[in-house]
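Student: I'm new to this structure and would like a close look at a single part of it. Could you choose one, zoom in on it, and walk me through the surroundings?

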Amino acid sequence: SLAEKGFTSLFDGKTLKGWIHGAGDIDHWAPTDGWKLSYDGKSQAKDKNLWTEDEFGDFVLIVDTRQPGKPPLVRAPVLLPAEVPHGMTPLVDADNPPGRWSRFVITAVDNTVTVVLNGKTVIEKAKLPGIPRKKPIALRHHGDPIQFANIYIKELN
């Protein structure tokens, strides 16, 4: 299991405990079915992304996502404080069709990030200059409905 491999869950399936959320987010970011975090794309908050309360150094983050509707362009479902540079385009298209879950495994070490999507490396050791040593993580708002599940992190020492 992921717990045996040193991963900690960032989402309890029932509440937004551990996530910064304001009045404008309520009802838009919502736990559903006891294991999914559903977002309707319509947050009224100033910052529509959902950020962790905790900050993390080097880490491996696992997150499953599913888009109920038509597929948007490949857009990272997770955000580090420095917006991902435009030059960081996916190496391969590894997205699953709409309605199917996709698994992102994101490794951040120093100021680089590697993204594996559904077992394929789509971004390899892309540099994020100026990224802080410790940082919160956000689930991203793109204006489209999206679901998240199995959100796990393991800090690397």
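Tutor: Of the 157 residues in this protein, 41% count as buried, where buried means under 20% relative accessible area, exposed means over 50%, and partly exposed is in between (1.4 Å probe, protein chains only). Keep in mind that this is a predicted model, so local features need pLDDT of at least 70, side-chain atom pairs count only at pLDDT 80 or more, and totals for chains, interfaces and linings use all residues. Residues are numbered from 1 along each chain as its sequence is written, and side-chain values use heavy atoms, with hydrogens and water left out.

A bit of background before we zoom in. The accessible surface comes to about 8500 Å², and 54% of that belongs to carbon and sulfur atoms; the areas are from the Shrake-Rupley method with a 1.4 Å probe, and for residues only the protein chains shown count as cover. The protein has twelve strands and zero helices, so reading from the N terminus you get β-β-β-β-β-β-β-β-β-β-β-β. Those elements are DSSP runs numbered from the N terminus: helices are H or I with at least four residues, strands are E with at least two. Now look at contacts, meaning heavy atoms within 4.5 Å. Among those between residues at least 6 apart in sequence, 69% join residues at least 24 apart.

The part I'd pick is strand β12, residues 146-155, together with strand β6, residues 59-66. Two strands pair if DSSP finds at least two bridges between them. β6 and β12 run antiparallel and are joined by seven bridges. One spot to find is L61, whose bridge partner in β12 is I153. I153 turns up again with strand β1: T8 has I153 as its bridge partner in β12. β1 covers residues 8-9, and two bridges join β1 to β12, again antiparallel. Then there's strand β4 (residues 36-39), which pairs with β12 in the antiparallel sense over four bridges. In that pairing, Y39 has I146 of β12 as its bridge partner.

Now zoom in on R66, which sits in strand β6. R66 is buried yet has no salt bridge, and the nearest side chain of opposite charge, D33, is 6.3 Å away. Here Lys and Arg count as positive and Asp and Glu as negative, while His and the chain ends are not counted. A salt bridge is a side-chain nitrogen of Lys or Arg within 4 Å of a carboxyl oxygen of Asp or Glu. What R66 does have is a polar contact, side chain to side chain, with Q147 at 2.8 Å. That term means a pair of N or O atoms within 3.5 Å; within protein, one must be able to donate a hydrogen and the other to accept it, and residues adjacent in sequence count only if both atoms are side-chain atoms. Leaving aside residues up to four places away in sequence, R66 touches K36, G99, R100, W101, I146 and Q147.

So what is D33 doing? The D33 side chain meets the side chain of K36 in a salt bridge (2.6 Å, N to O). K36 counts as buried because its relative accessibility is 8%, whereas D33, at 59%, counts as exposed. In general, side chains of opposite charge can pair when their charged atoms come close.

The structure holds four salt bridges. Another also involves strand β6: D64 pairs with R103, the closest N and O atoms being 2.6 Å apart. The two are 39 residues apart and link distant parts of the chain, with D64 in β6 and R103 in strand β8 (residues 102-109). D64 is buried, with a relative accessible area of 8%, while R103 counts as partly exposed at 31%.

Just ahead of β6, D58 and R133 meet through their side chains in a salt bridge too (2.9 Å, N to O). D58 lies in the loop between β5 (50-52) and β6, and R133 in the loop between β10 (120-127) and β11 (138-139), so this pair ties together parts 75 residues apart in sequence. D58 counts as buried, at 11% relative accessibility.

Last stop: back in strand β12, find N150. N150 has a positive phi of about 50° although it is not a glycine. Most residues other than glycine have a negative phi. N150 counts as partly exposed, at 31% relative accessibility.
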